[in-house]
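Here are a few short exercises to work through with the model open in your viewer. Try each task before reading its solution.

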Amino acid sequence: MIKTDELRGIIAKNGLSQTDVAKMIGVTPKTFYEKMKNGVFGSDEIQIMIDELHINNPMLIFFAKE
């Protein structure tokens with residue numbers, strides 16, 4: 001399960017909106033919001049976010065147990 005609250009914080013810390021990140025990973029904003037709601041992203045999308053948002057410890061966000 002993805003810690004969406006922490007991901008939102010990282011997005012904000014980078015001065016971006018969720019719409020910006022949606023474009024970054026190649027999905028529509030609506031699709032991005034749905035993925036955030038469900039807590040499910042593809043591995044390629046996760047890798048783009050790790051690289052572009054400079055996420056140092058992705059295990060804590062993208063592979064959290066709860």
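For the charge exercise, Lys and Arg count as positive and Asp and Glu as negative, while His and the chain ends are not counted. Keep in mind that this is a predicted model.

**Exercise 1.** Find how many positive and negative side chains the protein has, and how far apart the centres of the two sets lie.

*Solution.* Start with the counts: there are 8 positive and 9 negative side chains. Next, take the centre of each set; these two centres lie 5 Å apart.

**Exercise 2.** Describe the fold and decide how compact the protein is for its length.

*Solution.* First list the elements: the protein has 5 helices and 0 strands, in the order α-α-α-α-α from the N terminus. The globule rule gives 11 Å for 66 residues and the radius of gyration is 11 Å, so the protein is as compact as a globular protein of that length. For the overall dimensions, the C-alpha trace spans about 25 × 20 × 20 Å along its principal axes. Finally, look at burial: 38% of the 66 residues are buried.

**Exercise 3.** Work out whether threonine 4 is buried or exposed, and which residues it touches beyond four places away in sequence.

*Solution.* Locate the residue first: threonine 4 belongs to helix α1, which covers residues 4-13. Then apply the cut-off, where buried means under 20% relative accessible area. Threonine 4 has 16% relative accessibility and therefore counts as buried. Leaving out residues up to four places away in sequence, threonine 4 touches Met36 and Gly39.

Note on methods. Residues numbered from 1 in each chain as written. Predicted model: local features only at pLDDT ≥ 70, side-chain atom pairs only at ≥ 80, totals over all residues. Heavy atoms only, no water. Helix = DSSP H or I, 4+ residues; strand = E, 2+ residues; numbered from the N terminus. Rg over C-alpha atoms; globule rule 2.2 N^0.38 Å. Buried < 20%, exposed > 50% of the residue type's maximum accessible area, 1.4 Å probe, protein only. Charge placed at Lys NZ, Arg CZ, Asp CG, Glu CD. Contact = heavy atoms within 4.5 Å.
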